[in-house]
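Reader: I would like to know what the labels used for this fold rest on. Please give the reasoning along with the values.

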Amino acid sequence: MDLELAGKTAVVTGGSKGIGLAVVRLLQAEGVRVVAASRRETPELKETGATHVPVDLSTAEGATELIERATAELGGIDILVNNVGIGDTDDIARGSLLGLLDLPDSAWQHTFDLHFYSALRVTRAALPSLLERRGTVVNVSSIGARLTGAGPIDYNVSKAALNAFTKVVAEQFGPRGVRAITVSPGPVSTGVWTDPDGFIGRLAAEQGITHQELVDQFMAGLGATTGRLSTPEELARVIVFAVSPNNINGADLVVDGGVLKTT
Ligand SMILES: NC(=O)c1ccc[n+]([C@@H]2O[C@H](COP(=O)([O-])OP(=O)(O)OC[C@H]3O[C@@H](n4cnc5c(N)ncnc54)[C@H](OP(=O)(O)O)[C@@H]3O)[C@@H](O)[C@H]2O)c1
């Protein structure tokens, strides 16, 4: 199936590894010119030939610099994938292990800066170009946005805000040709789940069980009916389909192996 994306341009935040890297690769395979942002460039991203912009997207300056440099490089932006997230292991661990009375303002602020304000700021900066080109925005959220009672609390609440933000963009700019879509992964086999030094790896070591045993415990607890993590490539397929020409606007596309049980 031709996704009719050849010749388009895209910005992917958090494009150096995990889901973002898979999106970069798939967009390029569809003939899209891509700018990818992250703090560091990985050998895997370098190999794709995509232009890397090194920025800290938890800052307002990082968001502005990314869109300035992407616009200069690409001439304009058709596709924006706000994918940046997770951050450093200590960040995600703090919000998972501490309760509401113990989690400090600084942690909430950092989590919102990375997961919510980055998308708000990058989208706002890209909107003039997106409007000109009738472009599309995908916000990569999480099923945590709908499981806000569970940890990591700051992360889940920031993702709920991101889902709401997608709706705002869809409502305000849909009539002018810009679509906005949320893609919500459940567990995906990226560093947070697979690296020995990632959140799950460290927790397993602390609990004195194997990494795989802890992954299995989490997956059983979450009730994933497919019984497995999604792959970054599976998420990329849904994201790239979402940005191809179609009439989806404001929706939340869930890719979670059956974790969410509500209709
Ligand atoms: N993996 C999952 O199970 C899962 C589940 C639900 C939702 N998600 C969501 O999916 C998205 C991608 O997750 P992932 O698992 O693919 O993450 P990942 O493998 O940890 O990749 C995160 C990307 O974001 C970049 N990044 C992190 N902090 C940054 C900062 N301050 N400034 C700029 N770039 C930064 C990283 O590069 P640098 O570190 O070099 O900056 C990397 O490119 C996130 O929004 C996450 O919340 C993931």
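The turns below go through the sheet, the helices and the nonpolar cores.

Author: Please keep in mind that this is a predicted model.

Reader: What makes β3 and β7 the edge strands?

Author: Seven strands form an open sheet in the order β3-β2-β1-β4-β5-β6-β7. The strands β3 (51–54) and β7 (252–255) each pair on one side only. From one strand to the next, the twist averages 20°.

Reader: How do you know that β1 and β2 pair?

Author: Two strands count as a pair if there are at least two bridges between them. Five bridges join β1 (residues 9–13) to β2 (residues 33–38), so the criterion of at least two is met. The two strands run parallel. As for individual residues, Ala-10 has Val-34 in β2 as its bridge partner.

Reader: Which strands does helix α3 lie across, and what is its direction relative to β2?

Author: Helix α3 (residues 60–74) lies across β1, β2 and β3, and runs at about 160° to β2. Angles over 145 degrees count as roughly antiparallel, so α3, at about 160°, is roughly antiparallel to β2. Helix α6 (residues 153–173) lies across β5 (136–140), β6 (179–185) and β7. Its angle to β6 is about 160°, so the label roughly antiparallel applies there too.

Reader: Why is α8 called roughly perpendicular to α9?

Author: Helix α8 (residues 199–207) and helix α9 (residues 211–222) pack at about 110°, with their axes 8 Å apart. The label roughly perpendicular covers 65 to 115 degrees, which is why α8 is described as roughly perpendicular to α9.

Reader: Which residues make that contact, and how many of them are charged?

Author: From α8 come Ile-200, Gly-201, Leu-203, Ala-204 and Gln-207, which meet His-211, Leu-214, Val-215, Gln-217 and Phe-218 in α9. The contact residues divide into six nonpolar, four polar and no charged. Gly-201 belongs to the contact, and Gly counts as polar.

Reader: What makes a set of residues a nonpolar core?

Author: The residues must be buried and joined through side-chain atoms within 4.5 Å. The largest such core has 31 residues, and those with the most contacts inside it are Val-11, Leu-66 and Leu-130. β2, α3, α5 (105–133) and α6 each supply at least two residues, and α5 gives the most, with nine.

Reader: Which residues does Leu-66 touch?

Author: Leaving out residues up to four places away in sequence, Leu-66 touches Val-11, Thr-13, Val-35, Ala-37, Val-53, Val-55, Leu-57 and Val-122. Another core, of 29 residues, lies apart from the largest one and has Ala-22, Val-32, Ala-36 and Val-81 among its members.

Note on methods:
Residues numbered from 1 in each chain as written. Predicted model: local features only at pLDDT ≥ 70, side-chain atom pairs only at ≥ 80, totals over all residues. Heavy atoms only, no water. Helix = DSSP H or I, 4+ residues; strand = E, 2+ residues; numbered from the N terminus. Axes fitted to C-alpha atoms, helices over the stretch in contact; angles between N-to-C directions. Contact = heavy atoms within 4.5 Å. Parallel < 35°, antiparallel > 145°, perpendicular 65-115°, else oblique. Buried < 20%, exposed > 50% of the residue type's maximum accessible area, 1.4 Å probe, protein only.
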